[in-house]
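Hi,

Here is the structure I said I would send over. Have a look at it first, then read my notes below.

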Amino acid sequence: MVICSVAIIFLSILLAGCTSSNGLSNVYLVSLRYRNTSASAEVDPEIVNPSIAEKIYGVMRPLNDKIIEVRAGYMGLCLTRSDHSRLCSSSAAALASMARADGNNGTADPLNLIWIAKNFKETIVFDGLIFIAVVLIFICFLLLSTFPGWHEEVDESGSEREVRPFPSRPVAQGALGLSTLGFLFGLVSILWQHINSSAAGAMSESLSYGAIESHVGTAAMVFGWIAVVCMGIVALALLATIMSVSLLQQLTDEEL
């Protein structure tokens, strides 16, 4: 039950990332950040039209440094300004309005990082499987709470001893099924999250010719994978419990 609680808490924090600037802004899937505007485009031999890269860097040179980074989470976005203040919201339109008020003619966000992060959150990220995993693990937690605990009984000789009845087999099997499904949903979701975040960041850097640098959120990955490991431990522990109870019952029946 404790391990189930850890998985639920970590997945909840992961889902709530970038919805508040008080700590949750550090739980993000991917961050897009403007590079130093004094840099110039690198011309590789594979680039057929280098003028496009020069135009992108030309747009960035008059940057007023109002926005330096945008972070995307499952349910919100956070932008970091040049004074290191951070604003978070579930509405990209609200953050865009703030950016327009900061700069004239789009100079606060010349490459539209807010729009890119919004599209990443809405079209690539999918949090449905994580919600399903949280519900399944919570139901498993409730089933585990019905397992009998230790209590004292008086045997035939009149002495007290601590005993613990076997849990109900249907309940144990139901908890095993729920924890296994939660583990599979969580594994697919976090693996999908990791791949999509890395791919989106790499594509943003390539399409901006290095004007944007991206980072995959370390805290989000840690929370996600720890939750998946916890759900896997619960499933394995329940499987071992069911197999142990079955073996003990067989040995008891043979003795009788």
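**What I found**

A hairpin links E2 to E3 by way of four residues. Before going on, please keep in mind that this is a predicted model.

Let's stay with that hairpin for a moment. E2 covers residues 67–72 and E3 covers residues 77–81, and the two pair in the antiparallel sense over five bridges. If you want a spot to zoom in on, Ala 72 sits opposite Leu 77 in E3. Then follow the chain onwards: E3 and E4 make a hairpin too, with four residues between them. In that turn, His 84 has a positive phi of about 70°. E3 and E4 are also antiparallel, pairing over four bridges, and here Leu 77 stands opposite Ser 89 in E4.

So is E3 mostly covered or mostly open? Mostly covered: four of its five residues are buried.

Now zoom out to the sheet. It is an open one with five strands in the order E4-E3-E2-E1-E7, and the pairing is antiparallel. Its edge strands are E4 (86–89) and E7 (212–216), each of which pairs on one side only. On average, neighbouring strands in this sheet are turned by 15° against each other, ignoring direction. Helix H6 (residues 169–207) packs on the sheet and touches E1 (30–34) and E7. The direction of H6 makes about 170° with that of E7.

There is a helix pair to look at as well. The axes of H1 (residues 2–15) and H5 (residues 128–144) come within 10 Å and cross at roughly 155°. Because of that angle, H1 is roughly antiparallel to H5. The crossing of H1 past H5 is left-handed. Which residues make the contact? On the H1 side they include Ile 8, Leu 11 and Leu 15, and on the H5 side they include Phe 131, Val 134 and Phe 138. The residues in this contact of H1 with H5 split into 14 nonpolar, one polar and no charged.

Finally, the whole protein. It has seven helices and seven strands, and from the N terminus they run α-β-α-β-β-β-α-α-α-β-β-α-β-α. Of the 256 residues, 40% are buried. Among contacts with a separation of 6 or more, 72% are between residues 24 or more positions apart.

Try finding the two hairpins by eye, starting with the one from E2 to E3 and then moving on to the one from E3 to E4.

Cheers

Terms used. Residues numbered from 1 in each chain as written. Predicted model: local features only at pLDDT ≥ 70, side-chain atom pairs only at ≥ 80, totals over all residues. Heavy atoms only, no water. Axes fitted to C-alpha atoms, helices over the stretch in contact; angles between N-to-C directions. Parallel < 35°, antiparallel > 145°, perpendicular 65-115°, else oblique. Left-handed = near helix turned anticlockwise from the far one by under 90°. Contact = heavy atoms within 4.5 Å. Nonpolar A, V, L, I, M, F, W, Y, C, P; charged D, E, K, R; others polar. Pairing = 2+ DSSP bridges. Buried < 20%, exposed > 50% of the residue type's maximum accessible area, 1.4 Å probe, protein only.
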